[in-house]
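Visitor: Could you take me on a close look at one part of this protein? I would like to follow the salt bridges and the strands around them.

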Amino acid sequence: MNIQTNPATEAPVIPEIMKAVVCHGPRDYRLEEVPVPRPGPGEVLVRVHLAGVCASDGKAWDGAPKIWGTNDGQGRYIEPPVIVGHEFVAQVVAFGEGAEGRDGLAIGDYVCSEQIVPCQDCLYCKEGLYWLCEPHDIYGFHQRTPGSWAEYMVFPRKALNYKLPAGMDPDHGVFVEPLGCAVHTINRAEIRFNDVVVIAGCGSLGLGMVAAAKMKSPKTIVALDLHPARLELARKCGADITINPRDEDAVTKVKEMTGGYGCDVYIEATGAPRAVTQGLDMIRKRGRFIEFSVFRDLVTADWSIIGDTKELDIKGVHLSPHAYDTAIRMIAEGRLPMDEIITHKLPLEDYEQGIQMVIDGSASLKVTLRP
């Protein structure tokens with residue numbers, strides 16, 4: 001355990017002040033000293049062990065309209081000032097009133113919490129679609145749910161929390177959130193045994209999709225990426241064929257290997273508009289196009305391909321419902337080369353370097369921060 005305890009009581013020592021990265025606006029993130037939160041009734045206080053830097057963090061930093069809204073103030077999602085960060089693994093240090101033992105947790109346990117804290121009262125929550133919750137309190141975006149780029153954070157009363165199994169490297173727990181998103185993506189794809197599945201983008205999320213798709217036993221998994229090192233990792237995760245679109249025509253190659261028809265499933269995980277049109281060209285008639293990415297800007301495509309030309313099934317993917325248990329099991333079972341996927345562990349003070357590494361993407365996969 002890495003938590004400090006009081007020798008007299010063996011209780012964790014919880015300071016009054018902590019360091020945290022607070023977002024005040026696009027490119028206006030500040031390392032500040034703020035009060036350590038105190039858990040209220042039903043809440044859990046945790047000490048952040050490792051926090052991830054997501055591609056969406058890069059887009060938030062860069063002022064993407066999807067996150068910051070349009071110039072007229074419409075559509076803003078992030079609520080500054082807010083402590084950012086929604087990928088994390090932490091240790092339990094205290095319980096609020098009535099929370100002790102919730103979710104089977106005890107002081108010192110390594111834990112994750114789903115990135116969204118559902119309200120349980122809106123239309124979507126009542127229909128069981130909690131990940132589409134209308135208030136949509138994701139850690140690190142709304143002021144009601146401060147994030148993980150801090151030394152401590154609170155899991156609210158309605159949070160969905162998971163204990164990591166004994167023997168699992170706690171550092172690897174930081175990958176549960178992105179892998180959960182990958183698992184949900186593959187579940188949405190409804191992969192069948194004879195499917196040719198193309199996964200475009202072999203960043204950390206795409207690699208998780210490859211590993212999850214392998215567990216579905218399709219005929220062929222094809223991984224696409226512009227970086228040779230990522231394609232090598234994709235093979236380690238279960239890809240049968242890798243293609244670098246910079247070196248060869250990916251559409252032509254996939255059609256050649258499928259008798260001219262195209263792939264059965266195309267999963268877009270690059271965030272690049274070109275990957276959308278590439279997928280529409282590559283997929284066969286009545287294929288399943290799965291869209292995961294958050295794009296910085298609007299994407300233009302020929303919608304007639306979706307309807308009149310190919311009668312495609314288009315499915316969107318959001319977050320990681322009912323996927324954390326599977327993601328934790330996959331990591332614990334060693335189904336991914338985690339020490340190669342988690343490429344950087346930076347001190348919290350180097351958060352800006354971490355953001356820039358993620359935006360650039362050429363020399364990193366999963367970048368993390370150690371508070």
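Guide: Here is a walk through the salt bridges first, then the sheet, then a few neighbouring spots. Please keep in mind that this is a predicted model.

Let us start with charge. Side chains of opposite charge can pair when their charged atoms come close. In this structure there are 21 salt bridges, and D171 is a good place to begin. One of its partners is K345, with the closest N and O atoms 2.6 Å apart. D171 sits in the loop between β10 (161-163) and α4 (176-189), while K345 belongs to strand β17 (residues 342-347), so this pair ties together parts that are 174 residues apart in sequence. The two ends differ in their cover: D171 is buried, because its relative accessible area is 9%, under the 20% limit. K345, with a relative accessible area of 41%, is partly exposed.

D171 also meets the side chain of R370 in a salt bridge, at 3.1 Å from N to O. R370 is in strand β18 (residues 366-370) and D171 is in the loop between β10 and α4, so here the joined parts are 199 residues apart in sequence. R370 has 29% relative accessibility and therefore counts as partly exposed. Taken together, D171, K345 and R370 are linked in a network of salt bridges.

Another pair to look at is D195 with R288, whose side chains meet in a salt bridge of 2.5 Å, N to O. D195 lies in the loop between α4 and β11 and R288 in strand β15, so the pair ties together parts that are 93 residues apart in sequence. What about their cover? D195 and R288 are both buried.

R288 brings us to the sheet, since R288 lies in strand β15. Six strands make up an open sheet with parallel pairing, and their order is β13-β12-β11-β14-β15-β16. The edges are β13 (241-243) and β16 (313-316); each has a single partner strand, so one side of each is left without a neighbour in the sheet. On average, neighbouring strands of this sheet are turned by 20 degrees against each other, direction ignored.

Within this sheet, you can follow strand β14 (residues 263-268) next to strand β15 (residues 283-291): the two run parallel and are joined by five bridges. For a single point of contact between them, find I267, whose bridge partner in β15 is I290. Helix α8 (residues 273-282) packs on the sheet, where it touches β11, β12, β14 and β15, and its direction makes about 150 degrees with that of β15. Helix α7 (residues 250-257) lies across β11 (196-200), β12 (220-224), β13 and β14, and runs at about 155 degrees to β13.

Now back to helix α4, which follows the loop that holds D171. L179 lies in this helix. With 0% relative accessibility, L179 counts as buried. Leaving aside neighbours within four places in sequence, L179 is in contact with G208, A327, M330, I331 and L336. If you place a marker on G206 as well, its C-alpha atom is separated from that of L179 by 9.0 Å, although the two residues are 27 residues apart along the chain.

On the other side of the D171 loop in sequence is β10, and this strand leads to β6. β6 and β10 pair in the antiparallel sense over three bridges, and one position to inspect is S113, which stands opposite N161 in β10. Strand β5 (residues 87-95) also pairs with β6 in the antiparallel sense, over two bridges. There, A90 stands opposite V111 in β6. Both faces of strand β6 (residues 110-113) are covered: Y110 and C112 on one side are buried, and so are V111 and S113 on the other.

For a contrast with that covered strand, turn to L123, which has its place in helix α3 (residues 123-126). L123 has 54% relative accessibility and therefore counts as exposed. Together with Y124 and L132, L123 makes a nonpolar surface patch of about 260 Å².

Conventions:
Residues numbered from 1 in each chain as written. Predicted model: local features only at pLDDT ≥ 70, side-chain atom pairs only at ≥ 80, totals over all residues. Heavy atoms only, no water. Patch = residues over 30% accessible without salt bridge, like charges linked within 9 Å, V, L, I, M, F, W, Y side chains within 5 Å. Areas by Shrake-Rupley, 256 points an atom, 1.4 Å probe, with all protein chains shown as cover. Salt bridge = Lys/Arg side-chain N within 4 Å of Asp/Glu carboxyl O. Helix = DSSP H or I, 4+ residues; strand = E, 2+ residues; numbered from the N terminus. Buried < 20%, exposed > 50% of the residue type's maximum accessible area, 1.4 Å probe, protein only. Pairing = 2+ DSSP bridges. Axes fitted to C-alpha atoms, helices over the stretch in contact; angles between N-to-C directions. Contact = heavy atoms within 4.5 Å.
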